[in-house]
Amino acid sequence: MAPEPDSLDWVKGNGLLPVVVQDAGNLRVLMLGYMNAEALAATRSSGFVTFYSRSKQRLWKKGESSGHVLEVVSIQADCDNDTLLVLARPHGPTCHLQRASCFPDAPANFLADLDALVAQRERERPPGSYTTTLFEDGIRRIAQKVGEEGVETALAGVVQDDAALLGESADLVFHLLVLLRARGLSLGEMTQVLQQRHSG
């Protein structure tokens, strides 16, 4: 739910609020921009991030020339109501240098990135990819691999060293992501179940 414009402190920034944009998928910070009330209204009505460009002195829809738009998932204000945080789904690189983020070393959730890569492999099926082979072998084979990796992880936990346990755990998590995707599910959906259990 986006904050109501009247609840925001537009005075402090002379009619502009700084806006931090974060990737809704992997939580990487993508960019910083500014909105005035008109830009916020345009963002809310269109579902795509629109800023106020201080250099052009006009509204600027992110991606209006490149096509690399930012699809809004949520908007929230900070505790002082003078800064906005936008969670968005980027359609292409956010940075004009063709990078995912304007901050080159901005951290992200690696598992979310891996899950996105697994989804891409499932869609595109590139030849020579181990993940493609798994998808083409079918869900029973993928489930079998998860079972094998689960047993190997348990055994490593009992009789092998830390490096072996970490390696087997990584294999298990990877194959679990493939199994979820083969069923049309995602890491995000599994995470939601964990969050619901934690808050319950």
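These legends walk through several close-up views of a predicted model.

**View 1. The largest nonpolar core.** Let us start inside the model, where the largest nonpolar core brings together 18 residues. Val 21, Met 35, Leu 84 and Val 86 have the most contacts inside this core. Several elements contribute at least two residues each: strand E1 (17-23), strand E2 (29-35), helix H1 (37-46), strand E5 (70-77) and strand E6 (84-90). A second, separate core has 11 residues, and Leu 134, Phe 135, Ile 142 and Val 146 are among them.

**View 2. The surroundings of Val 86.** Here we zoom in on Val 86, one of the residues with the most contacts inside the largest core. Leaving aside residues up to four places away in sequence, which residues does Val 86 touch? Its partners are Val 19, Val 20, Val 21, Gln 22, Met 35, Val 49, Val 72, Ser 74 and Ile 75.

**View 3. Helix H3 meets helix H4.** This view shows helix H3 (residues 130-137) beside helix H4 (residues 139-159), with axes that come within 5 Å and cross at roughly 120°. Because of that crossing angle, H3 counts as oblique to H4. On the H3 side, the contact is made by Tyr 130, Leu 134, Phe 135 and Asp 137. Their counterparts in H4 are Arg 141, Ile 142 and Lys 145. Sorted by class, the contact has four nonpolar and three charged residues, and no polar ones. Leu 134, Phe 135 and Ile 142 also appear in the second, separate core.

**View 4. Asp 82 in its loop.** Look for Asp 82 in the loop between E5 and E6. Is Asp 82 buried or exposed? It counts as buried, because its relative accessibility is 13%, and buried means under 20%. Not counting residues up to four places away in sequence, Asp 82 touches Asp 9, Lys 12, Leu 17 and Pro 18. The side chain of Asp 82 also makes a polar contact of 3.3 Å with the side chain of Thr 83. As for Met 35, 47 residues separate it from Asp 82 in sequence, while the C-alpha atoms of the two are 11 Å apart in space.

**View 5. Glu 149 in helix H4.** Now we return to helix H4, this time to find Glu 149. With a relative accessibility of 5%, Glu 149 counts as buried. Which residues does it touch, not counting those up to four places away in sequence? They are Glu 168, Asp 171, Leu 172 and His 175.

**View 6. Two glutamines with positive phi.** Gln 57 sits in the loop between strand E3 (50-53) and strand E4 (58-61). Although Gln 57 is not a glycine, its phi is positive, at about 60°. Gln 57 is exposed, with a relative accessible area of 55%. Gln 98 is found in the loop between E6 and helix H2 (110-124). Gln 98 is not a glycine, yet it has a positive phi of about 65°. Its relative accessible area is 53%, so Gln 98 is exposed.

**View 7. Pro 104 on the loop before H2.** Our last stop is Pro 104, in the loop between E6 and H2. Pro 104 counts as exposed, at 56% relative accessibility. Between the C-alpha atoms of Pro 104 and Lys 12 there are 30 Å, and the two residues are 92 residues apart along the chain. You have already met Lys 12 as one of the residues that Asp 82 touches.

Methods: Residues numbered from 1 in each chain as written. Predicted model: local features only at pLDDT ≥ 70, side-chain atom pairs only at ≥ 80, totals over all residues. Heavy atoms only, no water. Core = buried A, V, L, I, M, F, W, Y, C linked by side-chain atoms within 4.5 Å. Buried < 20%, exposed > 50% of the residue type's maximum accessible area, 1.4 Å probe, protein only. Helix = DSSP H or I, 4+ residues; strand = E, 2+ residues; numbered from the N terminus. Contact = heavy atoms within 4.5 Å. Axes fitted to C-alpha atoms, helices over the stretch in contact; angles between N-to-C directions. Parallel < 35°, antiparallel > 145°, perpendicular 65-115°, else oblique. Nonpolar A, V, L, I, M, F, W, Y, C, P; charged D, E, K, R; others polar. Polar contact = N/O pair within 3.5 Å; in protein donor to acceptor, adjacent residues only side chain to side chain.
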